[in-house]
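Subject: Structure for you to look at

Dear colleague,

Here is the structure you will be working with. My notes on it follow below.

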Amino acid sequence: MNYWLMKSEPDAFSIDDLKHKKREAWDGVRNYQARNFMRDGMRIGDGVFFYHSNCAEPGIAGLAEVASDAYPDPSQFDPKSKYFDPGSSRDNPRWMLVDVKFVRKLKRTITLDELKNHPKLEGMALLRKGNRLSVMPVDAAEWKYIVGLE
């Protein structure tokens, strides 16, 4: 089993939205490294930290699970979508996504500032300077430690 952190802006799609929908396609990823994590690394059943970003209090708001293998993101083919990519084709899709399934909302958001204050997390991808990826791996020790902070 692998573990991941996936960022979403709560005004666009929050942990409460995922709770309501139960399962959702994680579309709109337009970064090759994040795409590769989904395409090559994610497996059904992997754990996901659902992270609220670009908001007043960024942090881990809930837990989710990878619910599908990677498949082509249909928004890349839709000229009306803000994620449309005219260079991508159905025969050779450029962008992939996975479905994520709601597991639970945390009792409290574990904020970015709080995560930064734990020496055991100093190597975490999220906390590295300049890391702005929306999808990133979390190692098993980090996962266990963070879940214990709740």
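Is Asn54 buried or exposed? With a relative accessibility of 62%, Asn54 is exposed, because the cut-off for that class is over 50%. Please keep in mind throughout that this is a predicted model.

Backbone

Asn54 sits in the loop between strand 3 (47-52) and strand 4 (59-66). Its phi is positive, near 50°, although the residue is not glycine. Most residues other than glycine have a negative phi. Lys22 is another non-glycine residue with a positive phi, in this case about 75°. Lys22 belongs to the loop between helix 1 (15-21) and strand 2, and at 56% relative accessibility Lys22 counts as exposed.

Salt bridges

The count of salt bridges is nine. Side chains of opposite charge can pair when their charged atoms come close. Three of the pairs are described here, starting with Lys105 and Asp16, whose closest N and O atoms are 3.0 Å apart. This pair joins distant parts of the chain, since Lys105 is in strand 7 (residues 99-111) and Asp16 is in helix 1, 89 residues apart. Lys105 is partly exposed, with a relative accessible area of 40%, and Asp16 is partly exposed at 39%.

Arg30 forms a salt bridge with Asp73, with 3.1 Å between the closest N and O atoms. Here too the partners come from distant parts of the chain, 43 residues apart: Arg30 in the loop between strand 2 and helix 2 (32-41), Asp73 in the loop between strand 5 (71-72) and strand 6 (96-97). What is the exposure of each partner? Arg30 is partly exposed at 28% relative accessibility, while Asp73 is buried, with a relative accessible area of 0%.

The side chains of Arg108 and Glu114 also form a salt bridge, at 2.8 Å from N to O. Arg108 has a relative accessible area of 34% and is partly exposed. Glu114 has 21%, which also makes Glu114 partly exposed, because the buried class takes in values under 20%.

Nonpolar core

There are 41 residues in the largest nonpolar core. Leu5, Met6, Ile60, Leu115, Leu126 and Val135 have the most contacts inside this core. Strand 4 gives the most to the core, with five residues.

Which residues does Val135 touch, apart from its neighbours within four places in sequence? Val135 is in contact with Leu5, Met6, Trp26, Val29, Ala34, Phe37, Met38 and Met42. Two of these partners, Leu5 and Met6, are also named among the core residues with the most contacts.

Largest pocket

The largest pocket holds about 980 Å³ of space. It is lined by 29 residues, and the closest to its centre are Lys7, Ser8, Glu9, Ser53 and Ser134. What kinds of residue make up the lining? Eleven are nonpolar, eight are polar and ten are charged. Strand 1 (3-8), strand 2 (23-25) and helix 3 (112-116) each contribute at least two residues to the lining.

If you open the model, the pocket can be found from Lys7, Ser8, Glu9, Ser53 and Ser134, and the core from Val135 and its contacts, among them Trp26 and Phe37.

Regards

Terms used
Residues numbered from 1 in each chain as written. Predicted model: local features only at pLDDT ≥ 70, side-chain atom pairs only at ≥ 80, totals over all residues. Heavy atoms only, no water. 1 Å grid on protein atoms, 1.4 Å probe; cavity = no way out; pocket = protein on both sides within 12 Å on 5 of 7 lines; lining within 4 Å. Points joined across faces, edges and corners; volume = space filled by probe spheres on them. Helix = DSSP H or I, 4+ residues; strand = E, 2+ residues; numbered from the N terminus. Nonpolar A, V, L, I, M, F, W, Y, C, P; charged D, E, K, R; others polar. Buried < 20%, exposed > 50% of the residue type's maximum accessible area, 1.4 Å probe, protein only. Salt bridge = Lys/Arg side-chain N within 4 Å of Asp/Glu carboxyl O. Core = buried A, V, L, I, M, F, W, Y, C linked by side-chain atoms within 4.5 Å. Contact = heavy atoms within 4.5 Å.
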